[in-house]
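I opened this model to look up how its parts pack and pair. My entries follow in the order I made them.

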Amino acid sequence: LITPLTRLILKKTSIFVKQMRESTEKRVHVAVNISGADLMRSDFVDDMTALVDSLGMEKSDLEFEITESLFMDDFAMANEKLGILRDTGILISLDDFGTGFSSLSRLRDLNVDIVKIDKMFVDNILIKKREDLILPDIISMVHKVGLKVVAEGVETEEQREFLAEAGCDVIQGYYYSR
């Protein structure tokens, strides 16, 4: 059911983006999770780009969110497909970074635009001493390979402040909205 579900989510995303644009006159950027099984379908890239085109959605309003485990089976094929999608204007983000299998050295090779740092690292801001936190180092290294950084799961002003000081590009979580 993953393919029909992905298609339905993209249709609903398109409706949401159009409604937001009409009601606020602002551009809205929406991330949609993509499963490894769906990505590895031989027709996935053509199917998704044709669907997005048929919905009248700007590809730049769309972000496909993938997890590190997606690269476990066939790194080259998955990365190639993501590169094709990126070339169409769809942003690609690597979700839950730091909890899976990717290394920082491999980030240069991935066809991604954004790295989403797992909430576990954000939670540590409230638990560990500042000097023991590796979050600023992760943000710096991700920036050095030319990618944007999103911190997930921000719930407090203290976390928001720390991440802003560390140069995080986007901060998301219940601190802003449930």
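**Entry 1: helix packing**

I began with α1 and α3, whose axes come within 10 Å and cross at roughly 25°. The two helices, α1 and α3, are therefore roughly parallel to each other. I noted the crossing of α1 and α3 as right-handed. The model is a predicted one, and I read every value below with that in mind.

Next I looked up α3 (residues 44-54) against α4 (residues 75-88), and found them packed at an angle of about 20° with their axes 10 Å apart. That angle makes α3 roughly parallel to α4, since angles under 35 degrees count as roughly parallel. I recorded a right-handed crossing where α3 passes α4.

**Entry 2: salt bridges**

How many salt bridges does the count come to? I have 13 salt bridges in my notes, and I looked up several of them one at a time.

I took R21 and D61 as a pair: they form a salt bridge in which the closest N and O atoms are 2.3 Å apart. R21 sits in helix α1 and D61 in the loop between α3 and β2 (62-67), so this pair ties together parts that are 40 residues apart in sequence. Is each partner buried or exposed? R21 is partly exposed, at a relative accessible area of 30%. D61 is buried, with a relative accessible area of 2%.

I then went to K116 and E63, which form a salt bridge with their closest N and O atoms 3.3 Å apart. This pair links distant parts of the chain, with K116 in strand β4 (residues 114-117) and E63 in strand β2, 53 residues apart. I checked the cover on both partners. K116 has a relative accessible area of 5% and is buried. E63 has 4% relative accessibility, so E63 counts as buried, the cut-off being under 20%.

Another pair I looked up is R41 with D38, a salt bridge whose closest N and O atoms are 2.5 Å apart. Both R41 and D38 are buried. I followed this pair outward and found a network of salt bridges that links R7, D38, R41, D43 and D47.

**Entry 3: strand β3**

I looked at two residues of β3. I92 is found in this strand, which covers residues 91-97. I put I92 down as buried, because its relative accessibility is 0%. I also noted I34 as a partner in space: the C-alpha atoms of I92 and I34 are separated by 10.0 Å, and the two are 58 residues apart along the chain.

D96 is found in β3 too. What is the phi of D96? I read a value near 55°, which is positive in a residue other than glycine. I wrote the background beside this reading: most residues other than glycine have a negative phi. D96 counts as partly exposed, because its relative accessibility is 26%.

**Entry 4: contacts across the sequence**

I turned to N79, which lies in helix α4. N79 is buried, with a relative accessible area of 7%. Where N111 is concerned, I noted a C-alpha to C-alpha distance from N79 of 5.9 Å, with the two residues 32 apart in sequence.

I looked up R108 in the loop between β3 and β4. Is R108 buried or exposed? R108 counts as exposed, because its relative accessibility is 63% and the cut-off for exposed is over 50%. From R108 to K144 I have 9.5 Å, C-alpha to C-alpha, for residues that are 36 apart in sequence.

**Entry 5: a nonpolar patch**

Which residues form a nonpolar patch on the surface? I listed I2, L5, L8 and I9, with about 310 Å² of accessible area together. I took L5 for a closer look. L5 lies in helix α1, which runs over residues 2-24. L5 counts as partly exposed, because its relative accessibility is 42%.

**Entry 6: cross-references**

I went back over helix α1 to put its entries side by side. L5 of the nonpolar patch lies in α1, and R21, the partner of D61, also lies in α1. I closed the notebook on α3, which is roughly parallel to α1 and roughly parallel to α4.

How values were computed: Residues numbered from 1 in each chain as written. Predicted model: local features only at pLDDT ≥ 70, side-chain atom pairs only at ≥ 80, totals over all residues. Heavy atoms only, no water. Patch = residues over 30% accessible without salt bridge, like charges linked within 9 Å, V, L, I, M, F, W, Y side chains within 5 Å. Areas by Shrake-Rupley, 256 points an atom, 1.4 Å probe, with all protein chains shown as cover. Salt bridge = Lys/Arg side-chain N within 4 Å of Asp/Glu carboxyl O. Helix = DSSP H or I, 4+ residues; strand = E, 2+ residues; numbered from the N terminus. Buried < 20%, exposed > 50% of the residue type's maximum accessible area, 1.4 Å probe, protein only. Axes fitted to C-alpha atoms, helices over the stretch in contact; angles between N-to-C directions. Parallel < 35°, antiparallel > 145°, perpendicular 65-115°, else oblique. Left-handed = near helix turned anticlockwise from the far one by under 90°.
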